[in-house]
Amino acid sequence: MSKFLIALSLFASTITASPQTYTKIVQCLTTSGIPQAYPGSPSFTELIIPLNLRLNYTPIALALPTTVPQVQAAVKCAAKLGVKVNPRSGGHSYASHSIGGEDGHLVVDLRYFRETALDKKTNVATVGPGARLGNVAVALFEQGGRAMAHGVCPGVGVGGHVLHGGQGYSTHTHGLLLDFLLSAEIVLADGSLVTASSTQNSELFWALRGAGMSFGIVTSFKFRTIAAPPENILFYYPYLWNQAQARAGWEAWQEYCGGFTEPVIPREMNIRWVVVNYASGYMMFLLEGAYHGSQADFLVAIAPLLKALEKVGGLQADVRGTGPHSLGWLDSLLYANNNDLFNEQGTGETLESPLNYTAHSTFFTKSLMTDNLSPSGIDAFINQLYTTGPTSPVGWYFIIYTQGGPTSIIPSTPSSSTSYAHRTSLYEWQLVALVAAPPFPSAGIDWLNDFVAAILDVEEGAGEKKLGMYYNYADPSLGRVEAGGRYWLQNYPRLKAIKKKVDPKSVFMNPQTV
Ligand SMILES: Cc1cc2nc3c(=O)[nH]c(=O)nc-3n(C[C@H](O)[C@H](O)[C@H](O)COP(=O)(O)OP(=O)(O)OC[C@H]3O[C@@H](n4cnc5c(N)ncnc54)[C@H](O)[C@@H]3O)c2cc1C
């Protein structure tokens with residue numbers, strides 16, 4: 001039996017797509033000259049390992065194009081055979097959507113589309129979707145001292161990140177990564193290549209900036225850039241609080257970020273809480289972030305919050321690096337990620353990742369986009385934290401960013417101008433439940449779902465208000481309609497109408513696409 005047929009018989013027993021379809025797609029990709037891997041071929045198993053080891057799926061094949069015509073041909077092969085297609089850029093999807101989110105899809109892996117080229121006259125950057133945030137940051141800085149605002153983890157791929165948001169240590173000041181996007185080259189479901197921008201295919205451009213995975217495969221982005229911020233203050237203030245202190249601390253924080261009278265937080269402040277379990281009824285609340293400006297200005301800007309938190313009390317936390325540290329742009333990105341300014345040996349980490357970079361973890365994440373919680377919402381959150389957190393069936397940590405709100409730049413772009421639906425939400429919550437290695441117990445999923453439900457029950461009341469969720473922290477426990485309603489809120493119906501026009505047969509599909 002030929003190697004191909006052995007692979008075919010192995011594959012047929014593990015997947016729902018018919019053996020005929022499998023044979024045909026592999027043949028079509030081969031005829032089109034597209035580098036590929038398929039079940040049974042040497043590197044396939046390694047290439048399809050997802051970031052989240054909790055969610056493994058077996059694609060029908062994986063295309064590894066090196067040119068745009070190959071991307072177009074791969075889409076045509078799949079569309080002709082009724083196979084669903086998923087682009088993979090950095091592969092950091094929490095729900096393994098870039099390997100389909102279910103078995104039997106064609107993955108178009110864009111790892112070879114990783115250029116970053118800065119036009120020094122216009123300061124416009126051309127960036128491939130497979131480029132990783134750290135590589136892009138270094139390239140922009142080295143090519144012309146330029147920068148963009150984006151997420152903190154340097155290994156995240158530009159493709160998925162920008163098409164659904166892009167939130168991090170500069171976004172309160174400079175905007176989401178998707179607000180830097182000027183245009184995108186995209187391969188559509190019929191294999192055609194079009195440009196989407198504010199003047200060309202503008203409806204598609206609107207849809208791409210928030211829900212891009214549903215509409216095609218972006219092969220190239222053009223971004224505006226800003227001068228790299230010269231002075232960046234990274235700061236860390238750890239608090240060990242019991243339940244009553246946490247409640248008081250949260251109220252002080254809400255007053256600072258979105259005070260009902262007047263918020264105090266300035267635009268230059270990019271700030272978040274990291275919350276982890278500590279011991280004996282205490283939780284660690286680590287206040288951290290980046291301020292774009294001088295240390296003197298930072299100290300003035302943070303003072304009202306620190307003063308209010310001082311009154312809350314709590315235990316002394318022994319964390320190296322407490323306080324502010326002034327850094328240049330690239331160092332601020334590096335240390336924002338590894339948080340260890342005081343490791344004399346160095347951590348060995350760099351911003352740039354190699355071509356075949358991989359990272360793995362075993363987790364379940366939920367997200368929430370909220371304004372200031374109501375007093376009973378704070379109670380629900382803090383009660384849940386202190387009553388269930390210490391005995392949770394899995395490990396966990398939460399990260400709560402200030403993203404929108406009256407002093408942030410994000411809501412200064414009208415909500416209707418992109419499909420990203422959360423501009424006015426003050427906070428972005430990422431709630432992560434994790435274990436060291438698979439299997440992940442179902443009790444861990446129930447625990448986190450119950451945790452979020454406790455907040456939603458209070459904040460949404462009888463349904464008069466609907467809180468959003470963030471697709472870049474995809475939650476695979478949500479069904480398609482629930483996910484669409486939460487990720488895209490008021491923009492969901494318009495996205496569905498565009499999907500019908502651009503991809504009527506849902507060639508681009510995962511369990512949560514529009
Ligand atoms: C360690 C870590 C840290 C993170 N930190 C942050 C953070 O600070 N801020 C933040 O906002 N997010 C953060 N994220 C979330 C991250 O932004 C998302 O997971 C993002 O979607 C990853 O993009 P990717 O290209 O790496 O992922 P992929 O898995 O390749 O893609 C994610 C989704 O986008 C689609 N997609 C990918 N490329 C394309 C393309 N070219 N055209 C059309 N659709 C495409 C995929 O099909 C999939 O649905 C983090 C994730 C991880 C794992």
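A disulfide here is a pair of cysteine sulfur atoms within 2.5 Å. All the views below come from a predicted model, where local features need pLDDT of at least 70 and side-chain atom pairs count only at pLDDT 80 or more, while totals for chains, interfaces and linings use all residues. Residues are numbered from 1 along each chain as its sequence is written, and side-chain values use heavy atoms, with hydrogens and water left out.

**View 1. The disulfide between C28 and C77.**
The structure holds one disulfide, and here it is: C28 joined to C77, with 2.1 Å from S to S. The torsion about the S-S bond of C28 and C77 is about -80°, so this disulfide is left-handed. C28 sits in helix 2 (residues 19-31) and C77 in helix 4 (residues 68-81), so the pair ties together parts that are 49 residues apart in sequence. Helices (H or I, at least four residues) and strands (E, at least two) are DSSP runs, numbered from the N terminus. Are these two cysteines buried or exposed? "Buried" means under 20% relative accessible area, "exposed" over 50%, and "partly exposed" in between (1.4 Å probe, protein chains only). C28 counts as buried at 15% relative accessibility, and C77 is buried too, at 2%.

**View 2. Two other cysteines, C153 and C257.**
C153 has a relative accessibility of 30%, so it counts as partly exposed. C257, with a relative accessible area of 1%, is buried.

**View 3. An open sheet of seven strands.**
Follow the strands across in the order 15-12-14-13-17-18-16, and the pairing is antiparallel. Two strands pair if DSSP finds at least two bridges between them. Strand 15 (323-327) and strand 16 (362-370) stand at the edges with a single partner strand each, so one side of each has no neighbour in the sheet. From one strand to the next, the twist averages 15°. Zoom in on strand 17 (residues 395-402) and strand 18 (residues 427-435), and you'll find eight bridges in the antiparallel sense. G395 stands opposite L434 of strand 18.

**View 4. Helices lying on the seven-stranded sheet.**
Helix 11 (residues 329-338) lies across strand 12 (232-241), strand 14 (283-292) and strand 15, at about 25° to strand 12. Helix 12 (residues 375-388) packs on the sheet as well, touching strand 12, strand 13 (269-277), strand 14, strand 17 and strand 18. The direction of helix 12 makes about 125° with that of strand 14. Axes are lines fitted to C-alpha atoms, for helices over the stretch in contact, and angles run from 0 to 180 degrees between N-to-C directions. Contact means heavy atoms within 4.5 Å.

**View 5. Strand 16, an edge strand that is mostly covered.**
How many of the residues of strand 16 are buried? Nine of its nine are. Both faces are covered: T362, F364, K366, L368 and T370 are buried on one side, and F363, T365, S367 and M369 on the other. Strand 16 pairs with strand 18 in the antiparallel sense over nine bridges. One of the residues to look for is F363, whose bridge partner in strand 18 is L434.

**View 6. An open sheet of five strands.**
This sheet has the order 5-6-10-8-9, again with antiparallel pairing. Strand 5 (116-119) and strand 9 (193-197) are the edge strands, and each pairs on one side only. Neighbouring strands are turned by 20° against each other on average, direction ignored. Strand 8 (residues 181-187) and strand 10 (residues 217-224) share six bridges in the antiparallel sense, and E185 has S220 of strand 10 as its bridge partner.

**View 7. Helix 8 on the five-stranded sheet.**
Helix 8 (residues 202-211) packs on the sheet by touching strand 8, strand 9 and strand 10, and its direction makes about 100° with that of strand 8. Eight of the 10 residues of helix 8 are buried, including F205 and W206. What do these buried residues pack against? Helix 6 (158-164), strand 8, strand 9, strand 10, helix 14 (480-488) and helix 15 (492-502).

**View 8. Where domain 1 and domain 2 meet.**
The chain is divided into domain 1 (3-109) and domain 2 (116-228 + 494-502), with bounds from an automatic or database domain assignment. Their C-alpha centres lie 25 Å apart, and the contact takes 12 residues from domain 1 and 18 residues from domain 2. Between them the domains bury about 1100 Å², 71% of it on carbon and sulfur atoms. Q72, S89 and H92 supply 39% of the area that domain 1 buries against domain 2, more than any other three residues. Buried area is the accessible area (1.4 Å probe) that two parts lose on being put together, summed over both.
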